[in-house]
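I opened this model to see how its strands pair and what covers them. My notes follow in the order I looked things up.

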Amino acid sequence: MLKVLGIHTYYGLSHILFDVSLEVKEAQVACLLGRNGAGKTTTLKSIMGLVPPRQGKVIFQNEDITGAQPYILVKKGIGYVPDDRRIFADLSVKDNLEIAARKRNGKEQWTLERVYELFPSLKAFSDRKGSLLSGGEQKMLAIGRALMTNPELLLLDEPTEGLAPLLVRNLRETIETLKSAGLTVLLAEQNVKFTLKLSDYGYIIDDGRICYQGTVQELISSEEVRKTCGL
């Protein structure tokens, strides 16, 4: 579904990503693991067109989407949940969700009601402004808003950051539900144990370079990876 081929990304004159390549297959959860500042967020932003790569290509469903505007990529079927959530603080929960609603192939799969089923607490706070939600509730809202675009690929950037252990467990169950529903997910995370429990395939990034890749079992079995990630 997604191929990233040898991308190099810069912030101004600073070279951040070096020849990064990865692949996410349909209905698979792939993870991008690395410490803070390793290049995870920049990789997702490069895919999403927020920081277009200067070299390399991003291919989505056999189409070259390198550097395309984010709103175009949403229309093509990519949902994005940034690490800072970026919800509309002055809008209600319901309005945040409805403003993102898109139909995919003429058929609505993720509706307001279905998002509320996935996140019952959002239904309880349907009329509450986004600014009055807790961090965990804002994270749920950001994921729910991305689902309302009816994506075929969901990019999740640091979804567990700042969440209490109970909410992390709830989030894991949510991602498992999305996976069972056939959604393809690329998950960028520092929380290694959380991420490997969910993923089919993994990439480890450090200093802007992919240094390891393999199935989850291969990553866990590698002594070098265990030392690098603290497994």
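Before the first lookup, I fixed the term: two strands pair if DSSP finds at least two bridges between them. The model is a predicted one.

**Entry 1: strand 8 and its partners**

I started with strand 7 (residues 153-157) and strand 8. They pair in the parallel sense, over five bridges. I looked for a residue pair to anchor this: Leu155 has Leu186 as its bridge partner in strand 8. Next I checked strand 3 (residues 29-33). Strand 3 runs parallel to strand 8 as well, and five bridges join the two. Here Leu32 stands opposite Ala188.

I then asked how strand 7 connects to strand 8. Helix 7 (residues 165-180) goes with the two strands in a β-α-β unit, and the unit is right-handed.

Is strand 8 mostly covered or mostly open? I found it mostly covered: six of the six residues in 184-189 are buried. I split them by face. In a regular strand, side chains alternate between the two faces of the sheet. One side carries Thr184, Leu186 and Ala188, the other Val185, Leu187 and Glu189, and all of these are buried. I noted Glu189 in that list as buried too.

**Entry 2: the six-stranded sheet**

I traced the whole sheet next. The order is 6-7-8-3-9-10, the sheet is open, and the pairing is mixed. Which strands stand at the edges? Strand 6 (78-81) and strand 10 (209-215) do; each has a single partner strand, so one side of each has no neighbour in the sheet. I also noted the twist: neighbouring strands are turned by 15 degrees against each other on average, direction ignored.

For an antiparallel part of the pairing I went to strand 9 (residues 201-206). Six bridges join strand 9 to strand 10, and the two run antiparallel. Tyr201 stands opposite Thr215 there.

**Entry 3: the nonpolar cores**

I listed the cores. The largest nonpolar core has 33 residues. Leu97, Leu122, Leu147, Leu154 and Leu156 have the most contacts inside this core. Among the elements giving two or more residues to this core are strand 7, helix 7 and strand 8 from my first entry. Helix 6 (135-147) is also on that list. Helix 6 gives the largest share, six residues.

I followed up on Leu154. Beyond its neighbours within four places in sequence, its contacts include Tyr80, Val81, Leu147, Leu178, Val185 and Leu186. I also logged a second, separate core of 27 residues, with Leu2, Ala30, Leu153 and Ile205 among its members.

**Entry 4: the four-stranded sheet**

I turned to the other sheet. Four strands form an open sheet in the order 2-1-4-5, and the pairing is antiparallel. Strand 2 (14-24) and strand 5 (63-64) are the edge strands, each pairing on one side only. Strand 1 and strand 4 (residues 55-60) are joined by five bridges. Leu2 stands opposite Phe60 in strand 4. Helix 1 (residues 40-47) packs on this sheet and touches strands 1, 2 and 4. I read its direction at about 110 degrees to that of strand 1.

**Entry 5: Thr9**

I finished with one residue of strand 1, Thr9. Is Thr9 buried or exposed? Its relative accessible area is 0%, so Thr9 counts as buried, the cut-off being under 20%. I looked for a polar partner. The side chains of Thr9 and Ser46 make a polar contact of 2.9 Å. Other residues in contact with Thr9 include His15, Ile16, Thr42, Val51 and Pro53.

Definitions and conventions
Residues are numbered from 1 along each chain as its sequence is written. This is a predicted model: local features need pLDDT of at least 70, side-chain atom pairs count only at pLDDT 80 or more; totals for chains, interfaces and linings use all residues. Side-chain values use heavy atoms; hydrogens and water are left out. Buried means under 20% relative accessible area, exposed over 50%, partly exposed in between (1.4 Å probe, protein chains only). A crossover is right-handed if, with the strands pointing away from the viewer, the path from the first strand over the helix to the second runs clockwise. A polar contact is a pair of N or O atoms within 3.5 Å; within protein, one must be able to donate a hydrogen and the other to accept it, and residues adjacent in sequence count only if both atoms are side-chain atoms. Contact means heavy atoms within 4.5 Å. Axes are lines fitted to C-alpha atoms, for helices over the stretch in contact, and angles run from 0 to 180 degrees between N-to-C directions. A nonpolar core is a set of buried Ala, Val, Leu, Ile, Met, Phe, Trp, Tyr and Cys residues joined through side-chain atoms within 4.5 Å.
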